[in-house]
Amino acid sequence: MREEMAQREAAELRRGHGKPRSPRGWGLLVALWLLAFYEPVVTEGHLRRKNLEFIFVRFSAWEFAGCDKLWAGLVTTLCHHVRRHFGALPLSVFHVLGSRPRFASGASRREWVLKRGACLRLWGLLLVLAAGIAILLVALLVPGVKDHRALKVVGSAVASLSGSSLLLGALSILKNFVVSEKKKIERLTNSERFAGQLGFMSKIRGEVEVLVDYLAFMEVFERRRLRVVMEITSLDLCYPEKVAGVFNAMATLLSDANAPFIFLLAVDPSVIVPCLEQTGCMKGLADNGYLYLNRAVTLPFSIPEMGARSRLRSVAAAVRTREDLMSLIIARNVAKTRHGGGGGAAAPAFPGWKEADSEAVVWIQEAFRCLHDGSDILCRYLPENGANVRRIVNTIPITLRLLLHRSGGAAPLSPRAAAAWVVLADRWPCRLSWTLQCLEDAGQSAATATAAHPAGRSLWSVFQEHAGELSALRQPLGKVLSLDGDPELFQAFLERDFPFGAGEARQLLGVTVNLDHSIRQQMGLLRALARLGRGAPVSRAVQCPPCAR
């Protein structure tokens with residue numbers, strides 16, 4: 001959008017049109033003069049202008065989730081950014097003296113028309129004030145007239161009335177300069193007595209209309225079109241009634257067909273739709289949240305599937321946030337330099353911790369290299385969501401350190417295999433938990449532990465054996481199953497690309513920190529209840545092990 005803005009600006013200058021101006025420096029004085037004495041006119045030449053300026057406003061709904069009226073936070077954020085962009089003084093003067101642009105009649109090219117009524121009133125007040133002051137001075141200074149009290153009363157009254165009118169206008173400007181639109185709306189929302197009245201929304205609507213009129217005035221002044229682009233994020237982290245309130249605020253701001261607002265709504269429909277359906281805004285739409293979104297959003301854009309390069313860039317960006325690894329490498333290089341220069345190093349408090357930590361850093365870097373290698377099949381299984389990629393990047397160092405610690409420095413698996421296990425637990429937590437629970441249930445039966453699931457048996461074969469039982473429990477496990485990714489990719493992951501065995505799974509289970517153990521506990525309980533229903537003996541798997549097991 002910034003590139004489009006720059007290209008249109010350059011094209012408009014090549015056409016020979018006037019250079020845009022801003023309300024800063026000398027332009028501020030020009031803007032104040034035009035605000036006071038001139039009325040803007042929308043001409044045909046202004047409508048043909050192609051150059052425009054985007055005013056970007058970022059609104060994170062999570063920052064205002066704690067307030068009672070989230071939509072009020074959206075309006076206050078909008079007013080605050082517009083006020084900060086143009087300055088407080090021009091907007092304060094517009095509240096008192098400004099007027100909305102009117103359309104030109106005929107083929108007129110004049111963009112500014114003198115406010116004759118305002119000018120006559122101002123000159124009239126100044127003349128009356130000058131006459132009153134003159135009468136008062138004559139009554140006070142002329143020797144022959146000093147004794148006439150009536151003349152003094154008339155002069156002071158005329159001067160006071162005209163001066164008070166000018167003073168009230170200056171005080172109104174000062175009040176709007178000190179008390180911003182944001183403070184006005186916050187004051188209204190904090191008043192419980194006023195919030196229940198019918199005029200509450202009309203007050204908010206009035207502030208928004210003044211803002212829209214001011215933007216229309218600044219369009220004519222700056223000689224370009226203005227659009228306020230508001231990016232709304234983190235809405236899927238708020239309560240359902242807050243979500244509905246933001247949509248109502250957007251509808252209020254966009255109710256005017258000429259409103260210069262563009263809303264970029266970055267949300268996950270699978271989260272937003274249930275929130276909308278839980279509120280009362282679905283009346284008349286058959287409680288269909290998707291139908292409501294289709295009517296509220298005028299340009300839907302669903303982000304396409306992330307490609308290989310985008311996945312690698314996401315991994316690289318997440319790895320760059322691991323400053324702890326970079327600091328360890330720098331500290332190790334500094335220590336080597338000092339030791340080589342003859343400086344004695346103090347003995348470590350825990351012998352061997354530096355060597356173990358250095359080895360862990362090497363393993364972590366190797367795991368990250370495998371994630372970022374475009375030729376490695378592992379990058380194909382990386383999630384598209386950036387938050388999940390960061391979770392994987394943050395989990396791999398912990399998993400490798402625990403693996404090295406439990407094995408005494410000689411890990412039974414490679415860094416690539418450990419990274420693949422972390423990806424498996426993040427992408428398919430339900431199916432992996434089910435497979436591990438089946439392994440645990442079989443291992444707790446001493447008579448069938450070695451026969452049912454030997455250490456060399458693959459996890460995919462274990463899952464295939466008990467897939468029918470998982471399908472029978474899909475209703476109570478529906479929400480957990482929704483966490484899993486593509487089932488076909490799960491099969492390709494375990495059957496072909498990373499065929500983990502039962503023995504490897506038992507070794508990695510103790511260091512798996514990104515898998516919710518309560519899922520396996522719930523599955524163990526459901527399996528036990530299912531066996532009770534069939535009259536089969538209940539395995540000892542009913543006893544839910546602690547999470548640290």
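Okay, Asp426: this residue sits in helix 18, which runs over residues 415-427. Keep in mind that we're looking at a predicted model. So, is Asp426 buried or exposed? Its relative accessibility comes out at 8%, and buried means under 20%, so Asp426 counts as buried. As for who it touches, leaving out residues up to four places away in sequence, the contacts are Pro383, Asn388, Arg391, Ile392 and Asn514.

Next, helix 19, residues 429-443. That's 15 residues, and from the first C-alpha to the last it reaches 21 Å, close to the 21 Å you'd expect at 1.5 Å a residue. Helix 19 is also mostly covered, with 14 of its 15 residues buried.

Right, on to the pockets. The largest one has a volume of about 2300 Å³. There are 46 residues lining that pocket, and the closest to its centre are Ala266, Val267, Asp268, Pro269 and Phe301. If you sort the lining by residue type, you get 29 nonpolar, 9 polar and 8 charged.

And which elements supply that lining? Five get named here for giving at least two residues each: helix 11 (240-253), strand 6 (261-265), helix 12 (269-278), helix 13 (289-296) and helix 17 (386-406). Helix 13 gives the most, with 6 residues.

One last link, back to where I started. Helix 17, one of those lining elements, covers 386-406, and Asn388, Arg391 and Ile392 are among the residues that Asp426 touches. That's it from me.

How values were computed. Residues numbered from 1 in each chain as written. Predicted model: local features only at pLDDT ≥ 70, side-chain atom pairs only at ≥ 80, totals over all residues. Heavy atoms only, no water. 1 Å grid on protein atoms, 1.4 Å probe; cavity = no way out; pocket = protein on both sides within 12 Å on 5 of 7 lines; lining within 4 Å. Points joined across faces, edges and corners; volume = space filled by probe spheres on them. Helix = DSSP H or I, 4+ residues; strand = E, 2+ residues; numbered from the N terminus. Nonpolar A, V, L, I, M, F, W, Y, C, P; charged D, E, K, R; others polar. Expected span 1.5 Å × (residues − 1). Buried < 20%, exposed > 50% of the residue type's maximum accessible area, 1.4 Å probe, protein only. Contact = heavy atoms within 4.5 Å.
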